[in-house]
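Visitor: I should like to take a close look at one part of this structure. Please begin with a single residue and then show how its surroundings fit into the chain.

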Amino acid sequence: LLKLAIPNHIIWLMSFYALFHSTLNVIAEVIRFGDRDFYQDWWNAENVYKFWSSWNIPVHKWCTRHIYVPVRKQGFSKHTTAVVVFLVSAIFHEYLVSVPLGMFQVMAF
């Protein structure tokens, strides 16, 4: 298991660079999209909140706009709202990974 840790980490970082830096910037250049803030310096995050809010800016902004703010307007606390956003994001990410791979099981979540 440990023999796979370093190659897995390297592949993850290369995929991150290929998707978020290269591919999204090429697409933004082609469609003349001005806001290219896809990620910030998540590797320098001092806490978990800073990490999750800076490594994928489009997802963070979408979750804030469409989940966090409406749930807060319903009168829930910040902690409860953060848990709701985390669970919705976790379910969505699990669906995006498990369905294409043909491994979707409710008990996996």
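How does Pro70 count: buried, partly exposed or exposed?

Guide: The model shown here is a predicted one. In this model, Pro70 counts as partly exposed, because its relative accessibility is 33%, and the partly exposed class lies between the limits of 20% and 50%. Pro70 belongs to helix α3. When residues up to four places away in sequence are set aside, Pro70 touches Thr64 and Arg65.

From Pro70 we may look across to another helix. Thr81 stands 11 residues from Pro70 along the chain, and the C-alpha atoms of the two are separated by 9.3 Å. Thr81 is part of helix α4. Its relative accessible area is 0%, and therefore Thr81 is classed as buried, the limit for that class being under 20%. With residues up to four places away left out, Thr81 touches Tyr68, Val71, Arg72 and Phe76.

Tyr68 also gives a point of reference for Val83, another residue of helix α4. Val83 and Tyr68 are 15 residues apart in sequence, and the distance between their C-alpha atoms is 9.7 Å. Val83 has a relative accessible area of 38% and so is partly exposed. Helix α4 thus includes Thr81, which is buried, and Val83, which is partly exposed.

The helices of this region also help to form a pocket. The largest pocket holds about 640 Å³ of space. Its lining consists of 19 residues, and those nearest the centre are Trp52, His60, Ala82, Val85 and Phe86. Three helices each supply at least two lining residues, namely α2 (48–54), α3 (57–73) and α4 (78–98). Helix α4 provides the largest share, with 8 residues. Sorted by class, the lining of this pocket comprises 12 nonpolar, 6 polar and 1 charged residues.

The second largest pocket encloses about 190 Å³. The residues that line the second largest pocket are Trp12, Ser15, Phe16, Leu19, Phe20, Trp55, Asn56 and His93. Here helix α1 (residues 5–30) contributes the most, with 5 residues. By class, this lining has 5 nonpolar and 3 polar residues, and no charged ones.

Several names in that lining return when we turn to the interior. The largest nonpolar core is made up of 6 residues: Phe16, Phe20, Ala28, Phe38, Trp42 and Trp55. Phe16, Phe20 and Trp55 are among the residues of this core, and they also appear in the lining of the second largest pocket.

Trp42 deserves attention as a member of the core. Trp42 is placed in the loop between α1 and α2. Because its relative accessible area is 13%, Trp42 is buried. Apart from neighbours within four places in sequence, Trp42 is in contact with Trp12, Leu13, Phe16, Phe51, Ser54 and Trp55. Two of these partners, Phe16 and Trp55, are core residues. Trp42 can also be compared in position with Ser53: the two are 11 residues apart along the chain, with 8.2 Å between their C-alpha atoms.

Finally, these parts may be set within the whole chain. The protein chain contains 4 helices and 0 strands, and from the N terminus its elements follow the order α-α-α-α. Of its 109 residues, 16% are buried. Among contacts between residues at least 6 apart in sequence, 14% join residues at least 24 apart. The chain exposes about 8,900 Å², of which carbon and sulfur atoms supply 69%. Within this chain, Pro70 is thus a partly exposed residue of helix α3, and its C-alpha atom is separated by 9.3 Å from that of Thr81, a buried residue of helix α4.

How values were computed. Residues numbered from 1 in each chain as written. Predicted model: local features only at pLDDT ≥ 70, side-chain atom pairs only at ≥ 80, totals over all residues. Heavy atoms only, no water. Core = buried A, V, L, I, M, F, W, Y, C linked by side-chain atoms within 4.5 Å. Buried < 20%, exposed > 50% of the residue type's maximum accessible area, 1.4 Å probe, protein only. Contact = heavy atoms within 4.5 Å. 1 Å grid on protein atoms, 1.4 Å probe; cavity = no way out; pocket = protein on both sides within 12 Å on 5 of 7 lines; lining within 4 Å. Points joined across faces, edges and corners; volume = space filled by probe spheres on them. Nonpolar A, V, L, I, M, F, W, Y, C, P; charged D, E, K, R; others polar. Areas by Shrake-Rupley, 256 points an atom, 1.4 Å probe, with all protein chains shown as cover.
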